[in-house]
Amino acid sequence: MQLKKSLLSLCVVASAMLMPTLVYGQAYGKVNVATLNMRQEPKTTATNMGQLNQQDEVDIIGRANNEWLEIQTSNGGKAYVFADYVSIEETEGEIIGQGVRLRDYPATTDTNILDTLNTGDKVVIQYTVEGWCKVIHEGKEGFISQEFIHSKFMKELPTKRIAEVKRVVPTQIVGEVTVTGNKNQSNNEDTVVASGKSLGEAIVEDAQQFVGNPYVYGGNSLTSGVDCSGFTQQIMNRHGISISRTSRSQYDNDGYQVSRGELQRGDLVFFGYNGSISHVAIYIGDGKIIHSNNSSTGIIISSFDGPGKPYIGAKRVI
C-alpha cells in the first residue's frame, strides 16, 4: 500500500466525491505483485510513467480492454496497469429494478428487509456470496441478489462461502458495553453494542483486545488475520458503523475531516506518501494509535511514527 519512485511524480488518488455518488464503474483495488508499472498507453511498449508497490491502493476508472485497467493519477490524468496484478477490493454497482430488497442475510427466506432500492441507486459492493452481493448503501450494509446489480467488476470481486457470512445485526444502544456472543472470549468477532461510556472509548477498548493478532494482506478476520483497512472496518462494524474497505476509500468516502488538534478516541487517522493514502489506524488518545501494521508486527499500539509514513489527515465516523 505504498506509492514510490514515480518518474512523473504521479500517484493514484480517488475522486473527491462521496460514496455512493462515485463515478459509475469505478473500483478500488490493491497491487498484488512486488512492483507494477504504470503505462501511458495500455500496452507493455508504452512509456513507463512510474511504479506502484505491493499493497498500494489504486483508483480504477475503468477497463481499457480485457488485459489493462485505466487508473486515475494525482493530476487528474490517467495511466494504465496490467489487470492481473491488481486485486479488486470493492466496486460501485447500480441497482436494476424497482423495490429491490436489502436483506440482513443472503437468502430470500428467514431474513429481515433493511431497506428497498430502485433502478439507478448506487451501492458499494464488498464481495459476492453464492449469487448475492454484500453492499453498503447510504451507510446501511446488507445483501442484495446479484441479479439486481450491475457492475463492470463483479467477476473480480472477492468471494465468500455462505458458511463464512454472518447475518447483519443492527446494533442497539444499551446501558453498558455488551457483546452479542460469548463475553468470556477475548478474541470474539461478534457485534459489540456500546453505550454507557463514549462510543470512542468503547471502540478503543474493544480494539485493544486484538493487539498481537496477525496482519494478513486482504484479510478480514480480527483473529486470524487482517490488514490495516480491514482492521478499522471490522472494528467499526462491531459498533454498528459501516465504512468502506480500503484506506483510501475510507478517507475519501466516510465521515468528516478533523484536524490533528481535534482528534478524539475512535477517530481514523491516515498515512502515506505524497498525499496518497496507504495506511489507516484508530486514534486511542495520548498521541497513540492502534493499527494492523505489517506482517512482522501484526496489530500493535504505537505512536504516530509507528507506520513509518507521513501523517496525512483524520476522519471522524462516529
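**Aromatic pairs and nonpolar cores**

Tyrosine 283 and phenylalanine 304 are both buried in this predicted model. Their ring centres lie 6.0 Å apart with the planes at 55°, so the pair is classed as tilted. The contact joins distant parts of the chain, 21 residues apart: tyrosine 283 belongs to strand S20 (residues 276-285), whereas phenylalanine 304 is located in the loop between strand S22 (298-303) and strand S23 (311-316). Ring pairs further connect Tyr283 and Phe304 with Phe271 and Tyr311 in a cluster.

Arginine 260 meets two rings of this cluster. Its charged end is placed over the ring of phenylalanine 304, at 4.1 Å from the centre. Arginine 260 also lies over the face of tyrosine 311, where the distance to the ring centre is 5.1 Å.

Across the whole structure, the search identifies seven aromatic pairs. One of them is formed by tyrosine 251 and phenylalanine 270 in an edge-to-face arrangement, with 5.0 Å centre to centre and 70° between the planes. Because tyrosine 251 is part of helix H3 (residues 247-253) and phenylalanine 270 part of strand S19 (residues 268-273), this pair ties together parts that are 19 residues apart in sequence. Tyrosine 251 and phenylalanine 270 are both buried.

With regard to nonpolar packing, the largest core comprises 28 residues, and Ile60 and Ile149 have the most contacts inside it. Strand S7 (residues 86-95) supplies the largest share of this core, namely three residues. A second core, separate from the largest one, contains 22 residues, among them Val204, Ile235, Ile241 and Ile299.

Key:
Residues are numbered from 1 along each chain as its sequence is written. This is a predicted model: local features need pLDDT of at least 70, side-chain atom pairs count only at pLDDT 80 or more; totals for chains, interfaces and linings use all residues. Side-chain values use heavy atoms; hydrogens and water are left out. A nonpolar core is a set of buried Ala, Val, Leu, Ile, Met, Phe, Trp, Tyr and Cys residues joined through side-chain atoms within 4.5 Å. Buried means under 20% relative accessible area, exposed over 50%, partly exposed in between (1.4 Å probe, protein chains only). Helices (H or I, at least four residues) and strands (E, at least two) are DSSP runs, numbered from the N terminus. Rings of Phe, Tyr and Trp (its six-membered ring) pair if their centres lie within 6.5 Å; planes under 30 degrees apart count as stacked, over 60 as edge-to-face and the rest as tilted. A charge sits over a ring if NZ of Lys or CZ of Arg is within 6 Å of the ring centre and within 35 degrees of the ring normal.
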